[in-house]
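Here are some short exercises to work through with the model in view. Try each task yourself before you read its solution.

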Amino acid sequence: MNAKHQALWALVLAAALAGCQTTATRSTDPATQPPPDPSAQEARDALLERPRHSDGATALEPPSPNARLKRDRLAEADFERATAGADALARAAPFAPRALRPKEMAVHAIDVGQGDAFLLEFACGAALVDTGLQRGQASRDRLVAYVDRFFDQRRPDLHRTLQLAVISHSHADHADGVPFLFGGDRPDPLAVRNYLDSGYDSGGGAPDQVFLRDHAQRYEAIRMEDILWLEGATSAVIDPLPACADGVNPQLRVLWGGLPGDAPSQFSNPNHHSVVLRVDYGEASFLFTGDLQSRQGALDGGGLGWMLDDYERDPGVFDVDALKVSHHGAENGTNDRLLAATTPCLAFMGVGSPDDRGSGTAHDHGHPNRNTLDRLIGAVSGTRPRRDVWAFDGADTEPRKRQLTKALFGTAWDGHYVIYASAAGHWRVLTERGESVPVQCR
Ligand SMILES: [Zn+2]
Ligand SMILES: [Zn+2]
């Protein structure tokens, strides 16, 4: 980072801190929250009573240090093989998934370790949902290499321009790739036409959000008090993707976003403010959930519970084929109500390798959680060839092997992977480890 960029970043950070409702701290995913506040119910009830409409135009309108990650070797040989580190993958031939076919879109899940980064590819445009990093050079190199290969080799027709970028919430594991893709010390930063975030600036990713607001041509804060419609909300900024030459027009809408500024303190964790984005592509559909979570230590309440209550009269808005598992498979990111509403045939997540150790890793957080994995295995209808994966009983516990035969994909066990969805509702997932998995969704 050069001096000019450092100065800019300092300005951005100062602006973010000035706008914070709580002191910004450098933390990837704080597990601590204040105790429940009795006024939470009142605030929720007040919002549930807000007027709802089903028609009309919408009213909405610095990197981690290069510390070498400590890697503990675990005994099982297949464990090492399935969770081979980013260094080994970086030395292998780059993952080159096949091109899009007519009337097909793809979601590229970029393996950034413990974090989320999803690149949505359409025949005539691209969108980025989160651009997180796990601490360390390897994660950054893999993100930058993947995105550069995408724009420079696979899709030079897109001229390194994103029609849309979304940062679901202001945590570093969802936002810290921003300076490396868009920053001023890059000779060829990506251009962004439209940018969305929750408007909630608290947490390590806040400077990244502030930077993108300036970098993009148009910006819209997704505040849930502005989502007045039973089916969510959209606008020219939320859904800037046109119908492509193949005739398919992807439909994007938001179902959740930043809570009101006077929301109870139990909602101070940015996870509760995650922008939830639904993407419909012909017969295929995706739900991106950021790190939306229930009340700490519970399976209900919190932003997740509030959202499900809010759409109680029309839970069909959540009914999708592909569910991005919230919060890297944390126990508080997925409950039975959400799974009953989404009925996924396929679920996918960004989560770090279990043999990376240290602050902010999957091991540190205990992601994915074993109960969540079991819940997903019970709910996901699609299948994949048997694969051994690992899950945790809690933060900083030893991972335990689980056998997966359901269509659940994760960067920890699949590396990069690409989910192809056709407008007719056909699905296939290609993984960096060489699997090609058809998923039955109808
Ligand atoms: Zn988070
Ligand atoms: Zn996260």
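**Exercise 1.** Find which residues of the largest nonpolar core touch the most other members.

*Solution.* This is a predicted model, in which local features need pLDDT of at least 70, side-chain atom pairs count only at pLDDT 80 or more, and totals for chains, interfaces and linings use all residues. Residues are numbered from 1 along each chain as its sequence is written, while chains are lettered from A and ligands numbered from 1 in the order in which they are written.

Step 1: collect the core, a set of buried Ala, Val, Leu, Ile, Met, Phe, Trp, Tyr and Cys residues joined through C-beta atoms within 7 Å. Buried means that 20 or more other C-beta atoms, placed from the backbone, lie within 10 Å of a residue's own. Step 2: among its 108 residues, Leu120, Val254, Val276, Leu346 and Ile419 touch the most other members.

**Exercise 2.** List what Leucine 120 touches, leaving out residues up to four places away in sequence.

*Solution.* Contact requires C-beta atoms, placed from the backbone, within 7 Å. Leucine 120 then touches Met105, Val107, Ala126, Ala127, Val129 and Val279.

**Exercise 3.** Trace the open sheet of nine strands and find its edges.

*Solution.* Strands are DSSP runs (E, at least two residues) numbered from the N terminus, and two of them pair if DSSP finds at least two bridges between them. The order is β7-β6-β5-β4-β3-β2-β17-β18-β19, with mixed pairing. β7 (218-221) and β19 (436-439) each have a single partner strand, so one side of each lacks a neighbour in the sheet. Inside the order, β2 (residues 104-109) and β3 (residues 117-122) pair in the antiparallel sense over four bridges. Alanine 109 stands opposite phenylalanine 118 in β3.

How values were computed. A residue is buried if 20 or more other C-beta atoms lie within 10 Å of its own, exposed if 12 or fewer, and partly exposed in between; C-beta atoms are placed from the backbone. Two residues are in contact if their C-beta atoms, placed from the backbone, lie within 7 Å.
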